[in-house]
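Trainee: I am new to this structure. Please take one part of the surface and look at it closely. Then show me how the rest fits around it.

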Amino acid sequence: MRTLTLLLLFLMIASPAVSQDKLTFYGDFRGRVELDRNSDKSDGTTRDNRDRMRIRARFGLNYAHSNRVTLGMRIRTGDPASIQSPHITLGDGLSTKPIALDRVFARVTFDGGSVWFGKNSNPFWHQNELFWDDDVMLEGAAATYRLHDKVEARLGYFVLDTPSSNSFADQAKMLGGQLIASQGILTAAIGIRSIRENPDAVDTRLSDVDYTLVSGSMYADLRFNDRPVRVGLDIISNLENYDQVMYNHDQTSGFVASARYGSANKTGDWQFRYYFSYIQKYAVVGAFAQDDWVRWGSATSTRSSNFWGHEVRAVYVPGEGQNLVLRAYLVEALELESTGASALETGTRFRLDWNISF
């Protein structure tokens, strides 16, 4: 019923009654082969090696209601309860596959900026997903305004969960702001996000913990052997002072160093990337950060913190609107995950993705 309802909604919007020249369609497909190896659990035992094939499909549209107002929505594959991943594992008895609505919003643009309201992607600029997964959509409102030709400000207020009282005061929420500046070869950003949990909220992903996250990012665009090079750094610190009885209470910072060589814009291009990450337990909200590096957590929620490791990536563009991405991850936990843990978790992962977009 959910799938039928979503498809009917899209067909209604794309019907002849809607001016077709005001509609913009977009989408993508991913085919993935993934191998997990050498993954140790926190109790000292080892997870079974895992090989799987996965797919992801997304389809969206934007409707230009006027010169300044745009309406947008997008559907995606995947378990609706899994906010970090729209991927589906193949081989489930040839069953039908679920889809969900992950974007629905209205945007108003004006001279120098814009405002959107609804459910949409994270408005704060970031150069990787170690602090926030691009698949985690936010619900609320966000604004962007250009203060100067080289400086931009972004603000957002988002509802993370609603307790039984249904009042604004009792909602788990996130309020954030960011400044982005560019000058020559350098681009930099600094931001703050205040996440306030409510113990009565239904969703347990925040585990009744507040976060005040200050982050800074920068990169420099260079040239080497007449090919583009980018080197970047991201740092994050959680300013909250947690009770000392809370396990790993002082693990509140992290950083990511990255480098890439080459381009991936046209047919025949090659690009190589490297990332080194160091993310302490409470430096990010593990259930909202990337789900690429580790196999830890549940089927619908990855614990993406308390680890350090490496990612090596190679990208090749075989044709227009396509790329092949080969990735390898080597990860180890920083600290024991809990008082009951006896060993550091580890993991090695290999992925090959075929991405097609339009």
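Mentor: What follows starts with the whole chain, goes to one surface patch and one residue in it, and ends with two runs of paired strands.

Keep in mind that this is a predicted model. Start with the overall make-up. The protein chain has one helix and 17 strands. Its C-alpha atoms fill a box of roughly 65 × 55 × 55 Å along the principal axes. A compact globule of 358 residues would have a radius of gyration near 21 Å. The protein chain has 21 Å, so the two agree. Of the 358 residues, 44% are buried. Now take contacts between residues at least 6 apart in sequence: 58% of them join residues at least 24 apart. The accessible surface comes to about 18300 Å². Carbon and sulfur atoms own 59% of that surface.

Now the patch. It is a nonpolar surface patch of about 740 Å². Its members are Phe29, Val33, Met53, Leu90, Leu324, Leu326, Leu352, Trp354 and Ile356. Which strands supply at least two of its residues each? They are strand E1 (23–37), strand E16 (322–333) and strand E17 (346–357). The largest share comes from E17, with three residues. A general point helps when you look at the strands here. In a regular strand the side chains alternate between the two faces of the sheet.

Turn to one member, Leu90. Where does Leu90 sit? Leu90 is in the loop between strand E4 (88–89) and strand E5 (99–110). Is Leu90 buried, partly exposed or exposed? Its relative accessible area is 37%. Buried means under 20% and exposed means over 50%, so a residue in between counts as partly exposed. Leu90 is therefore partly exposed. What does Leu90 touch, leaving aside its neighbours within four places in sequence? Leu90 is in contact with Met53 and Ile55. Met53 is also a member of the nonpolar patch. For a sense of distance, look at Phe358. Leu90 and Phe358 are 268 residues apart along the chain. Their C-alpha atoms are separated by 23 Å.

Next, a run of strands elsewhere in the sequence. Strand E8 (residues 151–161) pairs with strand E9 (residues 172–183) in the antiparallel sense, over 10 bridges. Tyr157 stands opposite Leu175 in E9. E9 also pairs with strand E10 (residues 186–196), again antiparallel, over 11 bridges. Here Met174 has Ile195 in E10 as its bridge partner. E9 and E10 form a hairpin with two residues between them. One residue in the turn is Gly184, which has a positive phi of about 65 degrees.

A second run follows the same route of pairing, strand by strand. Strand E13 (residues 253–262) and strand E14 (residues 270–279) are antiparallel and share nine bridges. Arg260 has Arg273 in E14 as its bridge partner. E14 is joined in turn to strand E15 (residues 307–316) by 10 bridges, and these two run antiparallel. In this pairing, Gln271 is matched with Val315 in E15.

To come back to your close look: find Leu90 in the loop between E4 and E5. Then trace its contacts to Met53 and Ile55. From there, pick out the patch residues, among them Leu352, Trp354 and Ile356.

Key
Residues numbered from 1 in each chain as written. Predicted model: local features only at pLDDT ≥ 70, side-chain atom pairs only at ≥ 80, totals over all residues. Heavy atoms only, no water. Pairing = 2+ DSSP bridges. Helix = DSSP H or I, 4+ residues; strand = E, 2+ residues; numbered from the N terminus. Patch = residues over 30% accessible without salt bridge, like charges linked within 9 Å, V, L, I, M, F, W, Y side chains within 5 Å. Areas by Shrake-Rupley, 256 points an atom, 1.4 Å probe, with all protein chains shown as cover. Salt bridge = Lys/Arg side-chain N within 4 Å of Asp/Glu carboxyl O. Buried < 20%, exposed > 50% of the residue type's maximum accessible area, 1.4 Å probe, protein only. Rg over C-alpha atoms; globule rule 2.2 N^0.38 Å. Contact = heavy atoms within 4.5 Å.
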